[in-house]
Amino acid sequence: PAVGYLRRRRGVSTRSGLTSLAGSMLTRAMALSATPRTRGAFYGDLEAPGALERMVRTTSLRGELVLLHGNSKRRRLLLNLIAQLNGLDIDHILLLAFTPDMCERLRRNRNGAVGCAHSSHLLPPSPLAATRPNATKSAAMAAAAAAWGMADSNYRHWLAKWRTMRRLLEARVNVLALDSDVAVFSSPYPHLHGAFRRFALVAAFDTKGGFANVNVGIVYFNNATAGGPVHSIMLEMERRVEAALAMPPPQKVPYGSLPGLFWDQNLFNKALLSAMANHALSLPDPAGRSFLGGGEWSRTHAAELRRLGDVLKTWRRGEAAAPPGLSVRPPWFPHRAEYRYWSLRRAAVGADASLWRPVPEERILLAPPWLVSADNAFGHRYKHWLYG
């Protein structure tokens, strides 16, 4: 069986351009749990007072949590992914659904075996929530999000996921976040806690990721410090969203403008590249808007930014041997496979300096292809499925 994750293109476009591997190859690799289940079966809005803390007590295990995310169209994929994880004795799983209705349906149809949370982030606060601290700011941001056409868009839900991961990091919970189009063939924890334990963030290389060329469909936050460099990137993403929402939207918002301003992968790559360059970058987006300043600096330093974004030339290289039992097929997937990493020694430059805590460094890992295999990641493109 393959180790870690395997993604496979099936011709269906998603935000990563990939869909999950299904069918006989999966069932040969491992036995699926007949009844998908999650620890504690938490339900509720994570924005409600005390809800996130209750969920952590209910669902996490020894400071670890697997976070899944999707809408009702991905329900079967998500249940299949939960079953795969259960087959590996992993049940500390939180499904963050796009809507409360999806959670209610899961509660009824699964007899409470699969917990399901949702987030009202960037939605108008309820009358009860209107009395909470920061309610005025929350209401103003929700109104702005509605004006931008964000209320029912995937972008709002993806931003809510990153807000949830940031809050979990602050609660000292290590989060393994998986997109719904991921298949898991073996527990990644021996490797995340073993050879790669010194990396605060594990993600994947993506030739189409843009800017810093990092794909965030699979991420693992491992003992990242609240107030440290990785945390500050998440805060910077939120700051950029607030700055974008503060701009008056055009009378008719072109759909192409939303990815440049609110797509989580776009935001992460911009914030990371800003931290790498130590400059608050105003990078081009489809809307053609600059809301951070620094556009002239970006133009005059375009060559430097391209160099920083060239992972294969600027990130430090390492090698890790494929675990025993994993088939390797040189030259596409050799026994010793490359990974890349970057050491962040400063906060993302736009983040609130009062939250910054000096730490020696936090390293970001772009995983070797035997741990995260995808058609635009390390290894031969289109032959990532050969691991197994």
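This is a short tour of a predicted model, beginning with the whole chain and ending at one strand of its sheet. Residues are numbered from 1 along each chain as its sequence is written. In this prediction, local features need pLDDT of at least 70 and side-chain atom pairs count only at pLDDT 80 or more, whereas totals for chains, interfaces and linings use all residues; side-chain values use heavy atoms, without hydrogens and water.

Display the entire protein: 13 helices and 13 strands are present (DSSP runs of H or I, at least four residues, and of E, at least two, numbered from the N terminus). Of its 388 residues, 57% are buried (under 20% relative accessible area, 1.4 Å probe, protein chains only).

Next, select the open sheet of 10 strands, ordered E2-E5-E4-E3-E6-E9-E8-E12-E11-E10, with mixed pairing (two strands pair if DSSP finds at least two bridges between them). Its edge strands are E2 (43–45) and E10, each pairing on one side only.

Add helix H8 (residues 229–245), which lies across E8, E9 (214–221), E11 and E12 and runs at about 75° to E12 (the angle, from 0 to 180 degrees, is between N-to-C directions of axes fitted to C-alpha atoms, for helices over the stretch in contact, that is, with heavy atoms within 4.5 Å).

Now select E12 (residues 362–366) with E11; 5 bridges join these antiparallel strands. Ile364 of E12 stands opposite Trp342 and is also the bridge partner of Leu201. E8 (residues 201–205) pairs with E12 in the parallel sense over 3 bridges.

Finish at E11 (residues 336–344): 7 of its 9 residues are buried, so this strand is largely enclosed by the rest of the structure. E10 (residues 316–321) pairs with E11 in the antiparallel sense over 6 bridges, and Ala321 stands opposite Arg336.

Technical notes:
Buried means under 20% relative accessible area, exposed over 50%, partly exposed in between (1.4 Å probe, protein chains only).
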